[in-house]
Amino acid sequence: EISSVVACAWRLKMVKIKAHELRGKSRDDLLKQLDELKTELSQLRVHKVTGGTASKLAKIKVIRKSIARVLTVISQTQRENLRKFYQKKKYKPLDLRPKKTRAKRRELTKYERTRKTLKQRKKEIHFPQRIYAVKA
């Protein structure tokens, strides 16, 4: 009975940070939370060295994952803002362009493929392809 009570209290303390909750926060709030998580992680590592309890050692993993979530949300929002900024621009940074393959990136666009030279256009106008009625 006592161990189950301890386990329940331990679970309540180690609540995972959800990414959707982080997305609503501002950058300053996220950086503050990141700083708090990092200090908590350093304290837990000290406890690990000094021989801390099992609950504190298990909490290290949760804190590390939470730090990763916060960093991920920060980078995703940053990239999203950059995408909005470069949306109407002629050139984009390489990491915001579509990856594709090297060959696909160098391929001519549809517009470039269908363009014709002046000489070719004149030739088509003055000498159209003849249509023959073939007798069977």
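Does lysine 100 count as buried, partly exposed or exposed, and at what relative accessibility? Lysine 100 counts as exposed because its relative accessibility is 55%, where exposed means over 50% relative accessible area, buried under 20% and partly exposed in between, with a 1.4 Å probe and protein chains only.

The structure is a predicted model, in which local features need pLDDT of at least 70 and side-chain atom pairs count only at pLDDT 80 or more, while totals for chains, interfaces and linings use all residues. Residues are numbered from 1 along each chain as its sequence is written, and side-chain values use heavy atoms, with hydrogens and water left out.

**Fold and core**

The chain has seven helices and zero strands, helices being DSSP runs of H or I with at least four residues and strands runs of E with at least two, numbered from the N terminus. Of the 136 residues in the chain, 14% are buried. The largest nonpolar core, a set of buried Ala, Val, Leu, Ile, Met, Phe, Trp, Tyr and Cys residues joined through side-chain atoms within 4.5 Å, has 13 residues, and Leu22, Leu30, Leu37, Leu41, Ile63, Ile67 and Val70 are those with the most contacts inside it. Helix H3 (27-50) and helix H4 (54-86) each supply at least two residues of this core, and the largest share, six residues, comes from H4.

**Contacts of phenylalanine 85**

| Partner | Arrangement | Distance |
|---|---|---|
| Tyrosine 86 | edge-to-face with phenylalanine 85, 85° between the planes | 4.9 Å centre to centre |
| Lysine 89 | over the face of phenylalanine 85 | 4.5 Å from the ring centre |

The whole structure yields one aromatic pair, with rings of Phe, Tyr and Trp (its six-membered ring) pairing if their centres lie within 6.5 Å, and planes under 30 degrees apart counting as stacked, over 60 as edge-to-face and the rest as tilted. A charge sits over a ring if NZ of Lys or CZ of Arg is within 6 Å of the ring centre and within 35 degrees of the ring normal. Tyrosine 86 counts as partly exposed because its relative accessibility is 22%.

**The loop at lysine 100**

Lysine 100 lies in the loop between H4 and helix H5 (102-106). Most residues other than glycine have a negative phi, whereas lysine 100, which is not a glycine, has a positive phi of about 50°.
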